[in-house]
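Subject: Structure handover and notes

Dear colleague,

I am passing on the structure we spoke about, together with notes on what was found in it. Please read them with the coordinates open beside you.

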Amino acid sequence: MPGFKIHITGSTIVGVAYGAGAWYLGGIPPETCVLAAGLCSVSGMLPDLDSGPGVPLRESCAFAAAVVPMLMIHRFHQMGFPLETMILVGAAIYLTIRFGVSTLLKRFAIHRGMFHSLPAALIAGEIAFLAFSSEQPLYRYFICGAVVVGFLSHLILDEIWSVKLGMFGPSFKKSFGTALKFAGPTLWSNVLTYVLAGLLGIATAQDAAWSEKTSIAKQQMEQASRTIQTTPTPWVRR
């Protein structure tokens, strides 16, 4: 099974390719591409949150606790929060993830459970979409995709390492098929995962629709403003 260094190296390579491709081919701003590459790199550690106390859990929770509040700065502005409220809410999010979420994962997460699954990758992408708000809807999907791609890179590497090549052809380890899966061995974790994915999906769809309407309304207002500014004032004879 690949270790921490292999996973972080693989997701970093994929993240750099993801960001560079979007900048070169899609015209995405370079700072947005760098952010996406970094999120893709770190997302390669997320499936190992179920591995118990260790480097993946510690580093992932610490990074998420620091980055999630920063991703939500634009959303805080949309909510009309003053600076003091932003700081307090950001601190509360940091403490919740850094200590609350990490403690729950240490106690209840099962190794190679539903954290190593395709629905979990979807949940990670939905959370990223809801956290990162932008006036450009395309950028939100781009950032969301970076998290999903990084997450999937971990699962794919796990499956590759579960195949062993020998003199008589490939042989499969017991871990084969435990990463790229839709359901795990425990019923309650399956139900919880799909319920969470569904609820986040509804919230994501509603937020995306609202964001699209807001973007269109802003574009119409800007266009109307430019039209008014460029329209010549009629000459009035006195």
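Leaving aside residues up to four places away in sequence, S117 touches F151, L155, A179 and K181. Please bear in mind throughout that this is a predicted model. S117 sits in the loop between α5 and α6, and with a relative accessibility of 0% S117 counts as buried. S117 also caps the N-terminal end of α6, where a side-chain oxygen of S117 lies 3.3 Å from the backbone nitrogen of A120.

The helix that S117 caps, α6, covers residues 118-131, and its 14 residues reach 20 Å from the first C-alpha to the last, close to the 20 Å expected at 1.5 Å a residue. Is α6 enclosed by the rest of the structure or not, and how many of its residues are buried? Ten of the 14 residues of α6 are buried, so α6 is largely enclosed by the rest of the structure. The buried residues of α6 are P119, A120, A121, I123, A124, G125, E126, A128, F129 and A131, which places A120, the partner of S117 in the capping contact, among them.

As for the chain as a whole, there are eight helices and two strands, and along the sequence they follow the pattern α-α-α-α-α-α-α-β-β-α. The chain has 238 residues, of which 39% count as buried. If one takes the contacts between residues at least 6 apart in sequence, 74% of them join residues at least 24 apart.

The packing of α1, α2 and α7 deserves a closer reading, and I begin with α1. Helix α1 has 23 residues and reaches 31 Å from its first C-alpha to its last, close to the 33 Å expected at 1.5 Å a residue. Its buried residues are H7, I8, G10, S11, G15, G19 and A22, and what covers these buried residues includes α2 and α7. After α1 comes G27, whose phi is positive, near 70 degrees.

How do α1 and α2 lie relative to each other, and at what angle do they pack? The angle is about 160 degrees, with the two axes 7 Å apart, and α1 and α2 are therefore roughly antiparallel to each other, since angles over 145 degrees count as such. The crossing in which α1 passes α2 is right-handed. On the α1 side the contacts involve I8, S11, T12, V14, G15, V16, Y18, G19, A22 and W23, and these meet P30, C33, A36, A37, C40, S41 and V42 in α2.

The pairing of α1 (residues 4-26) with α7 (residues 137-161) brings their axes within 9 Å, with a crossing at roughly 140 degrees; α1 and α7 are therefore oblique to each other. This crossing is right-handed. Residues I6, H7, G10, S11, V14, Y18, G19 and A22 in α1 meet F142, G145, A146, V149, G150, S153, H154, L157, D158 and W161 in α7.

Helix α2 (residues 30-43) and α7 pack at an angle of about 30 degrees, their axes being 7 Å apart, and that makes α2 roughly parallel to α7. Here too, α2 passes α7 in a right-handed crossing. The residues of α2 that take part are T32, C33, L35, A36, L39, C40 and S43, which meet F142, I143, A146, V147, V149, G150 and F151 in α7.

Two single residues may be worth inspecting as you go through the model. S153, in helix α7, is buried, with a relative accessible area of 10%; residues up to four places away in sequence not being counted, S153 touches S11, V14 and G44, and both S11 and V14 appear among the α1 residues that meet α7. L95, in helix α5 (residues 83-108), is partly exposed, with a relative accessible area of 48%, a value that falls short of the 50% above which a residue counts as exposed. L95 and A65 are 30 residues apart in sequence, and their C-alpha atoms are 7.2 Å apart in space.

With best regards

Technical notes:
Residues are numbered from 1 along each chain as its sequence is written. This is a predicted model: local features need pLDDT of at least 70, side-chain atom pairs count only at pLDDT 80 or more; totals for chains, interfaces and linings use all residues. Side-chain values use heavy atoms; hydrogens and water are left out. Helices (H or I, at least four residues) and strands (E, at least two) are DSSP runs, numbered from the N terminus. The expected span of a helix is 1.5 Å times one less than its number of residues. Buried means under 20% relative accessible area, exposed over 50%, partly exposed in between (1.4 Å probe, protein chains only). A polar contact is a pair of N or O atoms within 3.5 Å; within protein, one must be able to donate a hydrogen and the other to accept it, and residues adjacent in sequence count only if both atoms are side-chain atoms. Axes are lines fitted to C-alpha atoms, for helices over the stretch in contact, and angles run from 0 to 180 degrees between N-to-C directions. Angles under 35 degrees count as roughly parallel, over 145 as roughly antiparallel, 65 to 115 as roughly perpendicular and the rest as oblique. A crossing is left-handed if the near helix is turned anticlockwise from the far one by less than a right angle, and right-handed if clockwise. Contact means heavy atoms within 4.5 Å.
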